[in-house]
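Me: Please take a close look at one part of this predicted model and walk me through what surrounds that part.

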Amino acid sequence: MILKNEGATSTTIKLFTINNINTSNPSFCEETERWIKNTIAKSILLSGASARERIKFFQTMKTKIGNLMERFG
């Protein structure tokens, strides 16, 4: 989570149920914001995607999960 308020920026990253990191380090906040924007740019809007894209997305996820289950199972 990135909070911006009148020129001040802080970033909070949730690690586990209780633990988190809070910082107002400008370079860390900028890098985190770039990472979030890049992730959003690469993501697929499932509700607006065509049926073919939606099926392809879920089939890829299903295959990855299946491969991991075989590896660890």
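Me: Is S24 buried or exposed, and which residues does S24 touch?

Reply: S24 is exposed, because its relative accessible area of 53% lies on the far side of the cut-off, which sets exposed at over 50%. This serine is found in the loop that leads between strand 3 and helix 1, and, leaving aside residues up to four places away in sequence, S24 touches T9, S10 and C29. The C-alpha atom of S24 is separated by 43 Å from that of R52, although the two residues are 28 apart along the chain.

To place this loop, it helps to describe the elements on either side. Strand 3 covers residues 20-23, and helix 1 covers residues 26-42. Two of the residues that S24 touches, T9 and S10, belong to strand 2, which covers residues 8-14, while C29 belongs to helix 1. Strand 2 and strand 3 pair in the antiparallel sense over four bridges, and in this pairing T11 has T23 of strand 3 as its bridge partner.

These strands are part of an open sheet of three strands, whose order is 1-2-3 and whose pairing is antiparallel. Strand 1 and strand 3 are the edge strands, each of them pairing on one side only, and on average neighbouring strands of the sheet are turned by 15 degrees against each other when direction is ignored. Helix 1, on the other side of the loop that holds S24, lies across strand 1, strand 2 and strand 3, and runs at about 65 degrees to strand 2.

The two other loops of the sheet can be described in a similar way. In the loop between strand 2 and strand 3 lies L15, which is partly exposed, with a relative accessible area of 44%; together with F16 and I21, L15 makes a nonpolar surface patch of about 310 Å². In the loop between strand 1, residues 2-5, and strand 2 one finds E6, whose phi is near 45 degrees, a positive value in a residue other than glycine. E6 is exposed, with a relative accessible area of 81%, so E6 and S24 are both placed in the exposed class, whereas L15 is partly exposed.

Key. Residues numbered from 1 in each chain as written. Predicted model: local features only at pLDDT ≥ 70, side-chain atom pairs only at ≥ 80, totals over all residues. Heavy atoms only, no water. Buried < 20%, exposed > 50% of the residue type's maximum accessible area, 1.4 Å probe, protein only. Patch = residues over 30% accessible without salt bridge, like charges linked within 9 Å, V, L, I, M, F, W, Y side chains within 5 Å. Areas by Shrake-Rupley, 256 points an atom, 1.4 Å probe, with all protein chains shown as cover. Salt bridge = Lys/Arg side-chain N within 4 Å of Asp/Glu carboxyl O. Pairing = 2+ DSSP bridges. Axes fitted to C-alpha atoms, helices over the stretch in contact; angles between N-to-C directions. Contact = heavy atoms within 4.5 Å.
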